[in-house]
Amino acid sequence: MNLLAVHLPASARDAIRRLAEAAYPNEGCGVLIGLYEGEGDGVAVGEATSARNLWTERLADRYDMDPADIQAADRSARARGLDVVGFWHSHPDHPARPSQFDSDRSWLDYVYLIINTVVAGSGDLNAFASDRESGGLTPITLRLEDAQP
C-alpha cells in the first residue's frame with residue numbers, strides 16, 4: 001500500500017480540533033477509524049477518538065499512545081466493519097509537521113494527522129504517511145469535507 005490521500009469529514013476534523021485544544025498545552029493524540037479506499041492509496045476517516053498520552057515526562061512535545069486505547073478503538077472499528085486507518089496528534093506551539101521523533105515512530109500503511117495548537121485554539125491540520133523508501137513521514141493530500149448545512 002502506498003497512501004497518497006485522506007478524506008476527512010467535518011465531524012472528524014472538528015473532533016480532532018476540540019480534543020487537541022482540550023489537551024493544550026500538552027500534546028493530544030488519538031486514533032482515526034475509517035476505511036481504506038480504492039487500490040489502498042487512500043483512506044476515508046469516519047471518526048477520530050481520543051487516547052491517553054503515556055509520555056508523562058515530556059507531555060508538551062512527545063506522545064506515546066496508550067495501547068489499551070488503540071485496542072479499544074480497533075475492537076470498536078472491527079465490530080462495525082471498519083479499520084484503524086491512522087492516528088492524530090497535536091503540536092502545541094509548533095508547526096503541524098512531523099518531527100524526527102514522529103517519523104522514527106511511524107508505521108507503514110497508516111495516515112498521520114498533525115494539528116498545531118496555541119493558547120487561542122488550533123491552527124493548521126496536515127496529513128502524512130510513512131514513506132517506504134525513506135522511512136520518514138511525507139506529506140499526502142488532505143481532502144476536507146465541508147460541514148453540512
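The conversation below concerns a predicted model and asks what stands behind the words used to describe it.

Biologist: What are the ground rules for the values in this model?

Modeller: The model is predicted, so that local features need pLDDT of at least 70 and side-chain atom pairs count only at pLDDT 80 or more, while totals for chains, interfaces and linings use all residues. Residues are numbered from 1 along each chain as its sequence is written, and side-chain values use heavy atoms, with hydrogens and water left out.

Biologist: Why is Thr-49 called buried?

Modeller: A residue is buried under 20% relative accessible area, exposed over 50% and partly exposed in between, with a 1.4 Å probe and protein chains only. Thr-49 has a relative accessible area of 16% and is therefore buried. Thr-49 is found in the loop between strand 3 (42-48) and helix 2 (67-79), where helices (H or I, at least four residues) and strands (E, at least two) are DSSP runs numbered from the N terminus. Contact means heavy atoms within 4.5 Å, and, leaving aside neighbours within four places in sequence, the contacts of Thr-49 include Leu-19, Cys-29, Ile-33, Ala-73 and Trp-88.

Biologist: What makes Glu-39 exposed and Gly-28 buried?

Modeller: Glu-39 has 79% relative accessibility and so counts as exposed, whereas Gly-28, with a relative accessible area of 6%, counts as buried. Both are loop residues: Glu-39 has its place between strand 2 and strand 3, and Gly-28 is found between helix 1 and strand 2. Gly-28 is in contact with Ala-23, Trp-88, His-89 and Ser-90, its neighbours within four places in sequence being left aside. The C-alpha atoms of Gly-28 and Leu-59 are 8.7 Å apart, although 31 residues separate the two in sequence.

Biologist: How do you know that strand 2 pairs with strand 4, and in which sense?

Modeller: Two strands pair if DSSP finds at least two bridges between them. Strand 2 and strand 4 are joined by six bridges and run antiparallel, with Trp-88 in strand 4 as the bridge partner of Gly-30. Strand 2 and strand 3 likewise pair in the antiparallel sense over six bridges, and Leu-32 stands opposite Ala-48. These two strands form a hairpin with four residues between them, and Gly-38 in the turn has a positive phi of about 55°.

Biologist: What makes strand 7 and strand 8 the edge strands of the sheet?

Modeller: The sheet is open and has eight strands in the order 7-6-5-4-2-3-1-8, with mixed pairing. Strand 7 (137-139) and strand 8 (141-144) are its edge strands, each pairing on one side only. Neighbouring strands are turned by 35° against each other on average, direction ignored. Helix 1 (residues 10-23) packs on this sheet, and its direction makes about 60° with that of strand 3; axes are lines fitted to C-alpha atoms, for helices over the stretch in contact, and angles run from 0 to 180 degrees between N-to-C directions.

Biologist: How do you know that helix 1 has the span expected for its residues?

Modeller: The expected span is 1.5 Å times one less than the number of residues. For the 14 residues of helix 1 this gives 20 Å, and the end C-alpha atoms are 20 Å apart, so the two agree.

Biologist: Why are the buried residues of helix 2 said to lie on the same side?

Modeller: Ile-70, Ala-73 and Ala-77 are the buried residues in question. They cover an arc of only 65° around the axis, which puts them on the same side of helix 2, the arc being that of the directions from the helix axis to the C-beta atoms. On the other side of helix 2, Arg-75, Arg-78 and Ala-79 are exposed, while what covers the buried residues includes strand 2 and strand 4.

Biologist: What is meant by a nonpolar core, and how many residues has the largest one?

Modeller: A nonpolar core is a set of buried Ala, Val, Leu, Ile, Met, Phe, Trp, Tyr and Cys residues joined through side-chain atoms within 4.5 Å. The largest has 19 residues, and those with the most contacts inside it are Val-6, Ile-16, Leu-32, Val-111 and Leu-113. Apart from it lies another core, of 16 residues, including Cys-29, Ile-33, Ala-51 and Val-84.
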